[in-house]
Structures are given as C-alpha cells and as structure tokens.
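Student: I would like to take a close look at one part of this protein. Could you walk me through it slowly?

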Amino acid sequence: MDCPHKHNLPSDGTPLKPSPTLDHWRESSAITPLSFPDGHEGWIALEQQISQEILMDTRFSQQPHRFPGLAPQQSPEEFIDERDKLAIKTADLLALDGDQHRKCRKTVTSKFSFKAVNSYTEAVSALVSKQLSHLLEQPQPVDLTEHFSEPISIANHAFVLGIPDSMVKEFERTFVGSVSRDERITYLREVYRYKLENPGEDVISHLIQSELTQAEVEGLIYVFFTSGRDSVAYMISTSMVALLQNPDQLNLLRNSLPVPAEAIEELMRFCAMFVTLFPRTALEDLELHGEKIQAGQSISVSPVAVNRDPRIWSEPNSLKLDREVKAHLSFGHGIHGCLGQQLARLVIQESLTQLLRAINSIELVSAEQLEPMEFAHPVATYKVGTVFINFMK
C-alpha cells in the first residue's frame, strides 16, 4: 500500500509523559499509517473503539511477530531440538490463533480466575512483607526497583507457577537474566520433571495433570516463564514514581489504605507499560473506520494512546485516583488479553499498600524513567529503570 504519510513509532515519550506525537496522530484519525523497522507499511490504532474491535476481530492473526519499536535487536534464537520447536509451535499463546489458542488458554484460565487469585492473597501478602523488611534495612538512597519491585515480581511469579524455593534463584538467572536458549530450556525441563514427581496446587502441576500433551505443557511453561513478571515490577516502581510526582494524589491514597481498586485501575491507565501491543495482521482485505486494510498488513494497537484519549477520560494527562473506572487497555482486550491480570492487580495493590503503611515519608531522589529511554522490547514497551528513594519509617 502507498501510504500518504509514513510515521515511525515515536521514542521521545516516558511512562508518565508519553510522546505528544501520539496525541497529534489521534486528533487526526483513530488509525494512522505506521512504518515498521523491517520496511513494512502498516497501521497504528489510537482510539478505544477501533482498538477493541481489532483485538476481538478473528480476521486478524497474531502472526507474524512484527514489531514497530526500535530496541536492542537480538538474533532469533535457534530451537535447541525438535521437542523445543514443537512446544513453542503448539502452545505459544502470544502467537496462536483459533482453536489451538482457545484450547491452551482454556486449560489454564481457572488458575488465574478471581476465585483462584483470592486464594493467593495470604501468600502474596507474606511475600511482599518479606521483601519490604529487606528494603527497610538497606542504606539510602535505595533503588526501589532492585530491592522491592523486581524481587516481589519474581517471588510471586514463582509461587503461583509452582517453582520450588530451591529453584527460584536459577529461574531468576535464566529467565530474568540473559542466558542462552539452551540454558533456559534445560532449566524449564528440570522444573517440569520436578513437578511431575512433586505435584501441588500450582499452575505447572495443573498443566501436567491436564489433557494437554507434554509439548503443549512445556510450551505454556515457557510462555509463563517469559511473560507477565516484568509488567508487575514495572507497575510497582512506576506507580510510586507517579505518586511521588503527584503529592496530592499520594496524600489521597495514604488516607484511603488499603489501596482501593479504583486507584489501581487509574495507576494502570496512567502508567501503561505497552506503547503498542503485539501487532495483529489482517488475514483478508477489510475496511476499518473508512480505512482500507490490505491482507498481510499489520496493525499495532497503542494502549498508551488509548489510555490518554480525552473523549474517554477528562484531563487524561492528570493522575486522578478517585476517577470513575473505565476500560483501559493496559492489560490488552479480548481473547488475547492478559491472562494473569487479576493476579497482577493483587500483587501491585498489596505492594503499594504495605509500602505506604510502613513508610511515613518518601523522597524521590532519581528515576531513570523520567527521561526517554530505549524501549525494553521492540513490541514496544517502556523500561522501568532504577528508582532511587530516601524514606523515613
């Protein structure tokens, strides 16, 4: 397609102050042409209605994985063997469509339901409390991300998935750190074997006991090992930066503890991590809001742009913790929406509640995310960065 105006995804935004370019584009159209780094000419969706339509429309596919953001590029990793290849082919929720996607997602949905997440509350609280004690013992200024947000995200991820305590450090090394695919898959298979012999009430045990094939189970474990955890760490740290930049809202929150559900939703809206979601590619020629989309063209939905739409939220660039809850896109939408979003809400809520109860005064010393940084991933997502604080108990 010969697009009249070619746009590259802007990289001059920050989590709290997204690029004004997204506002300018949205003012002109709900969907606008977007140039991808691989030379593809696609689109970016910037308004809520069209974004939700795209994310629900089965005329779009999760494939191919074509990313609009500029970020450190890594060479595609080779599968270590046919078993590894089959696992990803049959169970990568981020790349599946249709019946196979529904089958895999349906198998594990119950472990992330409201009821299931409520049953995790006591354990999540204990894990947060343990890390808070560690944070309070550190010399100041202290990096909130390193000593609070990241460890909490790792501990809760491991707990819900069912990684035994003795294997959590290796999980951190292999799936939080940067290692070879061979090391990652070797570790994953070790966890699989352990849970096969030592089942529990966790996600991995549930998968092993299901009707899924071993390849599908291992593929889903890989997805869970690589997804979601970073979003929780990002939101804990970024929420605190937002609150410290808005002292009136911080005071409002301190007088409303535990952190209300509507405050979590506003923080999710305001601090969105995903500049764009995983793109959707048209399987056929179609028309959306007057624009002709050709088969093979990819569309990236922008939660950051949608969440700042003044037609949905009054004063969208202001943090208002008591505003009416409306449907933001920070967890995506529809059949590929974030499976673990209720768990994420619980961990973020508990972390902020305990932190604010324990510390009477907090000062933001520095936060890398207050200045533009390279994207964490070319999909594209913001980085959390370091967040140094001083505090008084």
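Student: In S10, which residue is the bridge partner of Ser 361?

Tutor: Happy to help! First, a word on what you see: this is a predicted model, where local features need pLDDT of at least 70, side-chain atom pairs count only at pLDDT 80 or more, and totals for chains, interfaces and linings use all residues. Residues are numbered from 1 along each chain as its sequence is written, and side-chain values use heavy atoms, with hydrogens and water left out.

Now to your residue. The bridge partner of Ser 361 in S10 is Met 392. Strands here are DSSP runs (E, at least two residues), as helices are (H or I, at least four), and both are numbered from the N terminus. Strand S9 covers 361-367, and 6 bridges join S9 to strand S10 (residues 387-392), the two running antiparallel. Two strands count as paired if DSSP finds at least two bridges between them.

Let us step back to the sheet. S9 and S10 belong to an open sheet of 3 strands, in the order S4-S10-S9, with antiparallel pairing. S4 and S9 stand at the edges with a single partner strand each, so one side of each has no neighbour in the sheet.

Follow S4 (142-143) back along the chain: the loop between helix H6 (121-136) and this strand holds Pro 141. The peptide bond joining Gln 140 and Pro 141 is cis, with omega about 0 degrees. Another cis bond runs from Gln 63 to Pro 64, with omega near 0 degrees; Pro 64 is in the loop between strand S3 (60-61) and helix H3 (82-91). Such places deserve a look because most peptide bonds are trans, and most residues other than glycine have a negative phi.

That brings us to phi. His 289, in the loop between strand S6 (286-288) and strand S7 (291-293), has a positive phi near 50 degrees. Glu 315 also has a positive phi, near 45 degrees, and is found in the loop between helix H15 (303-306) and helix H16 (341-358). How open are these residues? Buried means under 20% relative accessible area, exposed over 50%, and partly exposed in between (1.4 Å probe, protein chains only). His 289 counts as partly exposed because its relative accessibility is 43%, and Glu 315 is partly exposed because its relative accessible area is 49%.
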